[in-house]
Amino acid sequence: MFNATRLCLFVLGLGFAVTGFAADDPNEKAIKARQGEMQLRSFNAGPLFGMAKGQVDYDAALASKLAGNLKLMLDLDNGRAWAPGSHNGAYPGKTTALPKIWENSDIGSYGKKYKEAVINLAAAAGNGVDALKPAVGDLGKACKGCHDEFREKK
């Protein structure tokens, strides 16, 4: 069981910290907010990928907690973090988000794939490493699909 209250307080604290350091430019604040969200996703997903690859010992309780955190984050409405004009062309060096994110009318399908992958992962995470592996694989595909298409290559 994950502690939703602690996660919410952490996310709120992260939001205050991030917006406190951003300039007065609302797009810069949006960039920082979505980067914070991605870091929090990575913080929770990273150990799950490690467990699935055998790089980290499988821990059912931890896997359930981390997947639950990702699922909890689905309830956050962070649409403001994706402000039009907050792309790498307008803010070079501050973001890797490509302008075509805002030009693609099918961008919502990427979010739906991610959401489905997280929901399935949350259901499977505590049921053994054999159940975890394909669910983590689907999460990786969902993340990679969007990143490959809409993130500047480094």
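These legends walk you through close-up views of aromatic rings in a predicted model.

**View 1. Trp82 and Trp102 form a tilted aromatic pair.** This is a good place to begin, as the model holds two aromatic pairs. The ring centres of Trp82 and Trp102 lie 6.4 Å apart, with 45° between the planes. Trp82 sits in the loop between helix 3 (60-73) and helix 4 (100-103), while Trp102 belongs to helix 4, so their pairing ties together parts 20 residues apart in sequence. Trp82 is partly exposed, at 30% relative accessible area, and Trp102 is partly exposed too, at 25%.

**View 2. Tyr110 and Phe150 meet edge-to-face.** Here the planes stand at 85° and the ring centres are 5.0 Å apart; because an angle over 60 degrees counts as edge-to-face, the pair of Tyr110 and Phe150 earns that name. Tyr110 comes from helix 5 (residues 107-124) and Phe150 from helix 6 (residues 129-150), so this pair links distant parts of the chain, 40 residues apart. Are these two residues buried or exposed? Tyr110 and Phe150 are both buried.

**View 3. Arg34 lies over the face of Trp82.** You have already met Trp82 as a partner of Trp102. In this view, look for Arg34, placed 4.8 Å from the centre of the Trp82 ring. Trp82 is the residue found in the loop between helix 3 and helix 4.

**View 4. Arg41 lies over the face of Tyr114.** Here the ring belongs to a tyrosine, and Arg41 is 4.2 Å from the ring centre of Tyr114.

Note on methods:
Residues numbered from 1 in each chain as written. Predicted model: local features only at pLDDT ≥ 70, side-chain atom pairs only at ≥ 80, totals over all residues. Heavy atoms only, no water. Phe/Tyr/Trp six-rings, centres within 6.5 Å; stacked < 30°, edge-to-face > 60°. Helix = DSSP H or I, 4+ residues; strand = E, 2+ residues; numbered from the N terminus. Buried < 20%, exposed > 50% of the residue type's maximum accessible area, 1.4 Å probe, protein only. Lys NZ or Arg CZ within 6 Å of the ring centre and 35° of its normal.
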